[in-house]
Amino acid sequence: MKALLMQPDDLAARLGAEELAVFDCRFQLSDPEAGERAYREAHIPGAYYLHLDRDLSSPKGEHGGRHPLPDWNRFAARLSACGVRPHSTVVVYDAGEGMAARAWWLMRHIGLADVRILDGGWKRWTREKRPVTPVVPESRPGGVEVRLREGETVDVEEVRRGLREGSLVLVDARSPERYRGDVEPIDPKAGHIPGAFNHPWERGLKEDGTWRSPEEQRARFGDLAKCGKPIAVYCGSGVTACSTLFALELAGIPAKLYPGSWSDWVSYPENPVATGDEPGAWAP
């Protein structure tokens, strides 16, 4: 397995290398342009910016959730214009919002082999007083071909069938408050998909924003590792679920993404909703 994390010392030593591509993924759902504004003020030298709505998602429709997966050819073209090639080492970072893992998952999904998250992200980089710049790098030639890794996603029909038949374990990566249905700040219904277990994505990180070790991740997901069934992860719109997928990858536990997530699930009036701490029973 390729390394999943890049440490700041290693990235600092490789800045400017031809085979390296760095992407800033900072983003705030409450202010969609805040991340790019922050990027233009200062970023890691040589880093390009990826916007959640424009680069890491497609426009939303009636179904498919708030952040559908991007058009793959457009996504590959965007990476290619930033110098990415099939054998590049790609490093992504954010400021703790969970966006870097979305970029990591998408890049891996289209076939890039060496994609890493900067451990501790922007906050650690600046806390350690490493170099930053407002200079936006120019485009450089690359060449990314889309070679999708099959079997890494599930859609709403597969979730329904898997839960009805007991052949799928579903993990909800949102906060406990949203899982229970105590609050719902974004989507029209509160609660969780019946049968889903809650593993909030933030718990894969330490207080300083670095990732917990593989051993710690395995301890978090001990029950999942023994379930013997396919695992699928969702969140509100398929973004921060990728952070739980990254933590599962660190733990060596394979899992799939439900890209539409909760916002897709509740777009179908007939889909049942559970509330409270317990996973709830599936009613076909």
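**Close-up views of a two-domain predicted model**

**View 1. Thr 89 has Asp 114 as its bridge partner in strand 5.** The model shown here and in the other views is predicted. Strand 4 covers residues 89-93 and strand 5 covers residues 114-118. The two strands run parallel and are joined by 4 bridges.

**View 2. Five strands, paired in parallel, form an open sheet.** What is the order of the strands across this sheet? Read across the sheet, the order is 1-5-4-2-3. Strand 1 (5-6) and strand 3 (48-49) are the edge strands, and each of them pairs on one side only.

**View 3. A second open sheet has 4 strands with parallel pairing.** Its strands follow the order 7-6-8-9. Why is one side of strand 7 and of strand 9 left without a neighbour in the sheet? Strand 7 (197-198) and strand 9 (256-257) stand at the edges and have a single partner strand each, so one side of each has no neighbour in the sheet.

**View 4. Strand 6 and strand 7 run parallel and are joined by 2 bridges.** Strand 6 is made of residues 169-172. Asp 172 has Asn 198, in strand 7, as its bridge partner.

**View 5. A salt bridge joins the side chains of Glu 33 and Arg 54.** The N to O distance in this pair is 3.5 Å. Glu 33 is in the loop between strand 2 (20-24) and helix 2 (34-41), while Arg 54 is in the loop between strand 3 and helix 3 (72-80), so the salt bridge ties together parts that are 21 residues apart in sequence. How many salt bridges does the structure hold? The structure holds 26 salt bridges.

**View 6. The protein chain is assigned two domains, domain 1 (5-128) and domain 2 (156-267).** Their C-alpha centres lie 21 Å apart. To the contact, domain 1 gives 24 residues and domain 2 gives 25 residues.

**View 7. Domain 1 and domain 2 bury about 1,900 Å² between them.** Carbon and sulfur atoms account for 63% of this area. Which residues of domain 1 lose the most area to domain 2? They are Arg 66, Trp 104 and Trp 105, which together make up 27% of what the domain 1 side buries.

**View 8. Asp 187 and Arg 66 meet through their side chains in a salt bridge.** The distance from N to O is 2.7 Å. Between domain 1 and domain 2 the count is 2 salt bridges. Across the interface of the two domains, 8 residue pairs are in polar contact, with both residues of each pair at pLDDT 80 or more.

**View 9. Helix 4 (99-109) and helix 5 (121-127) are the elements that give two or more residues to the side of domain 1 that touches domain 2.** Helix 4 gives the most to this side, with 6 residues. How many residues on this side of domain 1 are nonpolar, polar and charged? The residues there divide into 9 nonpolar, 7 polar and 8 charged.

Note on methods:
Residues are numbered from 1 along each chain as its sequence is written. This is a predicted model: local features need pLDDT of at least 70, side-chain atom pairs count only at pLDDT 80 or more; totals for chains, interfaces and linings use all residues. Side-chain values use heavy atoms; hydrogens and water are left out. Domain bounds come from an automatic or database domain assignment. Contact means heavy atoms within 4.5 Å. Buried area is the accessible area (1.4 Å probe) that two parts lose on being put together, summed over both. A salt bridge is a side-chain nitrogen of Lys or Arg within 4 Å of a carboxyl oxygen of Asp or Glu. A polar contact is a pair of N or O atoms within 3.5 Å; within protein, one must be able to donate a hydrogen and the other to accept it, and residues adjacent in sequence count only if both atoms are side-chain atoms. Ala, Val, Leu, Ile, Met, Phe, Trp, Tyr, Cys and Pro count as nonpolar, Asp, Glu, Lys and Arg as charged, and the others, Gly among them, as polar. Two strands pair if DSSP finds at least two bridges between them.
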